[in-house]
Amino acid sequence: MNMSLPTSIKSLIVNQSIFRQKVVKDFAAVVGSELALRPIQLLKEFIVIKFLGPADYGILKSIELVQMLNKYGTLGFKAAAAREIGDAFGKKDQKRTTLVRNTAYSSEIILALVLFVAGITSSLFFESRSISILIILASAGLLVTKLSGILYTEAGIQKRFFLISKVTFITSLLASIIVIVAVPFFKIYAVVLMNFVTSVMAIIYYLKSLKHNYSFMIDGKEFKRILSISVPLMFVTLSQGAFKYAERILVISLLGKVALGFYVFGFMMVNQFVTLFKAAIKVRTQDIYEAIGREDFQYVHRIVFKETLLLVCGGVILIPIMWFSIQMLVPVFLPQWSEGIYAAQLSLLVLPFQVMPNYSAVVIESSLVNQQKKLPVSYAISAATLISCAYLLRWFDRLSLENFILGNLVASAYFSLSLVFYYKKYFYNNFVRENKTTGFRECIVCGNTHYCKYKYDYHLGFSGPEKARQFANLLAPYFDSLIPKSAGKLKRFTGNVFKGNVLVCSSCGYGTLDRQIRERELIDYYDQYWHFRDVETKISNPNDFLEEPRAIYQLQFVRELLGNRGLSNVLEIGAGRALTLQLLRAKNFPEINLFVCEPGPEWSEYYAERKIQRGAKFFPFKSDLKFEYIHTSHWLEHALDLEETIVVLRDLLSPGGMLFVEVPNTEHDYWQLHEVDHPHIHFFTQSAIQKVFKRFFFRCLKIGEYGITMRERNQGVQITEANFGPRPKGFWIRALFQKQSDK
Ligand SMILES: [Zn+2]
C-alpha cells in the first residue's frame, strides 16, 4: 500500500529536520571554535607575559582600561536593538525594523565616536610619549571594536551564528598568531595594535558576507524609546564595570603599574578556570529555564545545589594544585615573574567565590524570580567594599599587593554570598522549601481536620516602590507604639490586626486567619485606617459604567443565566460605584430597582444622581424586601463571620434568587509569593467556595478562574482591559449561585 503524505506535511518534516540540523551545527560551531582556540590563546597569553615582563604587562593592563569601554562604556543600544528588532521581525513590521535598526546603530556609532574623541583627548594629559601613543592606538582599537560590535549584533539578529563563529575563529586565530610572532620584536605595541587589526578584519569580513539595509539616521522619538529600554538592560553591565574599573584603578594609583602587572597575572590564571567552569553553566542554563517553566522547582534546586557544590569543591581542590604548580613552574618558565608568585597564589583563593554565584544568578534572573535588579546592588556594594578595604589598609599603613588581594577576596565573597542569599530568599524559600506547618482543626467548609499554616504577613504592607516597601515592611512593626493613631495611613500597616498565620484546609483549600478577629477590632481598623480611601465619588461622566472592563466582564458572566426572568429588585453589597448593576440596568433590565449596601457617607450624592437606593449601610441587615439578584465583588473575603454572612445572604434572596460572588483565588502560588493585597479574613479556592455554599443550599450555576495569574501579578504585569476575561489559574474566582429550597 502506498500512503503518500500531503506535500504540506512533508515540507514540514523536512523543514524540521533542517532546523534541528541547523541548531546542532550552530552549537557545534560555537563550542568547537571556542575549544579549538583555547590552546593557541593560552600560548599567546604565555608569550605576552614572558616577553613583556611585569612592568610592561602592568602598562598594557592600564591601557586596557580604554578597551574595556567596549563592554562597559555602553548605553545598551545593541542589546535593545537585538530585543526590539527581534520583536518587530516577529510581527513582520518592516517599517519599524528599519526604524529601530537605523536609530540604534546610529546612536551606537555616535557613542563610539564620542568615546574615541575622549580617548584621544585624554592622551594629551600624559607626559610620556609612548603612553600617549598607546592610548591613541587603544582608542582607535575601541572605535573599530565598537563598530564591529554593531555588525556582530546584526549577524546575531539575522541568526547567522555560523558566520559569527567563523569570523570569531579566523580573526582570533590570526590575532593570536600575529601577537605570537610580533611580541618579541614590538612588545606592547604588538598587543595593542592587534586589537585594532582584529576588529578591522572582522568588519571587512562581515561587510562582505552580511546583507543589510542600514542607513545613518536617528529618529528622536525612537531614540528616547530605545533609551528607556536599554538603560535598565545595561545597568548590570555598568555596575559590573564599576567593580572592574575600581579594581584596576586602585592598584595602579595606590601600588603602581608593576603591581598591576602582578595583580592581573594572578587573576589571569584564575580566569582560565573560571571560563571553563562557566561553560558548564552555559550548557545548564536552558535546562534550568525549562524546569522553571514546567514548575519543577525541586529539580531546579537539585541542579543549582549539586552543581554549585561540585564546582566550588573543584575550585577548592584546584587551589593547592595550582599553588604548587605556580611555585614550581614560574621560576623556570617565567623567571622575571618570580616576585609575583605569592600574589598569584593568593588570588587563587578567589576561585571558589567566582564559581559559587553563577547558578544562583541564572535563577535570580529568570522570569519567575525576576530579581535581576538585585545584581547591580551587589556589584556596587562589593566595589565599595573593595575601595574601603584599600583605603583602610592605606590608613593603617598595611597596603601591599598581597593585602589588596585579600581585600578583593572579601569583596568577592560578599558578592557571591549575597547572590546565594537572594537565591535562598526569593527562590528557595518561596518555591522549594515546605513553607508551612500542619495541624488539626475542623474546616468550616468541608469538615476536614488537617490544615497547613502559612504566614499572612506576606500580603500586608505598603504600596509604592518595591525597595521602599520592603524596607518599610521590615521596620514598621518595631515602631508601631511610636506612631500616633491619627496617622492612619501609616498605622494601617503597623497595626497588628491581620498579622500572623492563616490556616489553610489541606482538603478544600479554604483558609482563614488563625487569630480570631473581634467585631470591635475590625470596625476600629476600617474606621481608623481606611476611612480616607481615596475613592472618586464625583464622576463627571454619567456613562462611566459602559466602559468599565470589570463590570462588562462580570455582566457577561451572569447575563445568560439571568435569562429573561422578571428581575425587579437587585442589590449590591460593598457597592462603591455599583458599576455592574448600572450596566445591567442600562443593557438588559431598564425597569429594575437598584439597591446598595455601602457604609461610606460620601456616596450619597452619587447614588441620588444615579437613581440608586441605599438599602442599608452595614451588613448584616434584615429586610422585608427580597432581591432576585445579589451582586458581591471582592467583598466576601472581608466578611467577619462567613457562615453567618451566607445565612443572611440567603435570607435576603427571593426563592430561586441568584447570587454573584467574585473573590481572590488563593489556589495557585498565593501562599508562596509576596504580594500586597488588602486585609482579607477568608481565602478561597474554587472547590472551597462551591462546598461552603452547597452546605447552605445554594446550587452552583457557573464558576471559573479569571484575570491574570498570581505569578504575572507578582511580576508586575499590568491588568489591562483585555485580561478581565477567563484565564486558567487566574487571580479571581467568579461564581454564580442559585438559592435552592432547604428541604
Ligand atoms: Zn476544607
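The protein chain holds 24 helices and twelve strands, and the model described here is a predicted one. Of its 743 residues, 48% count as buried. The chain exposes about 37,300 Å², and carbon and sulfur atoms supply 62% of that area. Contacts that span long stretches of sequence are well represented: among contacts between residues at least 6 apart in sequence, 77% join residues at least 24 apart.

A convenient place to begin is the N-terminal part of the numbering, with helix 1. Asp-56 is found in this helix, which covers residues 7–67. With a relative accessibility of 25%, Asp-56 counts as partly exposed, because the buried class is reserved for values under 20% and the exposed class for values over 50%. Leaving aside residues up to four places away in sequence, Asp-56 touches Lys-187 and Ile-188. Asp-56 can also be placed relative to Leu-260: the two are 204 residues apart along the chain, yet their C-alpha atoms are separated by 9.9 Å.

Attention now turns to a pair of packed helices. Such a pair is described by the angle between the two axes and the distance between them. For helix 3 (residues 77–90) and helix 4 (residues 94–123), the angle is about 175° and the axes lie 9 Å apart. Since angles over 145 degrees count as roughly antiparallel, helix 3 and helix 4 are therefore roughly antiparallel to each other. On the helix 3 side, the contact is made by Phe-77, Lys-78, Ala-81, Glu-84, Ile-85, Asp-87, Ala-88 and Phe-89. Helix 4 contributes Arg-96, Thr-97, Val-100, Arg-101, Ala-104, Tyr-105, Ser-107, Glu-108 and Leu-111. Sorted by character, the residues of this contact divide into nine nonpolar, two polar and six charged.

The strands offer a picture of their own, and strand 12 (residues 730–739) is a good guide to it. Ten of the ten residues of strand 12 are buried, so this strand is largely enclosed by the rest of the structure. Strand 12 pairs with strand 11 (residues 698–709) in the antiparallel sense, over nine bridges. Within that pairing, Thr-709 stands opposite Gly-730 of strand 12. Strand 9 (residues 653–664) is likewise joined to strand 12, here by seven bridges, and these two strands also run antiparallel. In this case Phe-660 has Leu-736 of strand 12 as its bridge partner. Strand 12 thus has antiparallel bridges to strand 9 and to strand 11.

Key. Residues numbered from 1 in each chain as written. Predicted model: local features only at pLDDT ≥ 70, side-chain atom pairs only at ≥ 80, totals over all residues. Heavy atoms only, no water. Axes fitted to C-alpha atoms, helices over the stretch in contact; angles between N-to-C directions. Helix = DSSP H or I, 4+ residues; strand = E, 2+ residues; numbered from the N terminus. Parallel < 35°, antiparallel > 145°, perpendicular 65-115°, else oblique. Contact = heavy atoms within 4.5 Å. Nonpolar A, V, L, I, M, F, W, Y, C, P; charged D, E, K, R; others polar. Buried < 20%, exposed > 50% of the residue type's maximum accessible area, 1.4 Å probe, protein only. Pairing = 2+ DSSP bridges. Areas by Shrake-Rupley, 256 points an atom, 1.4 Å probe, with all protein chains shown as cover.
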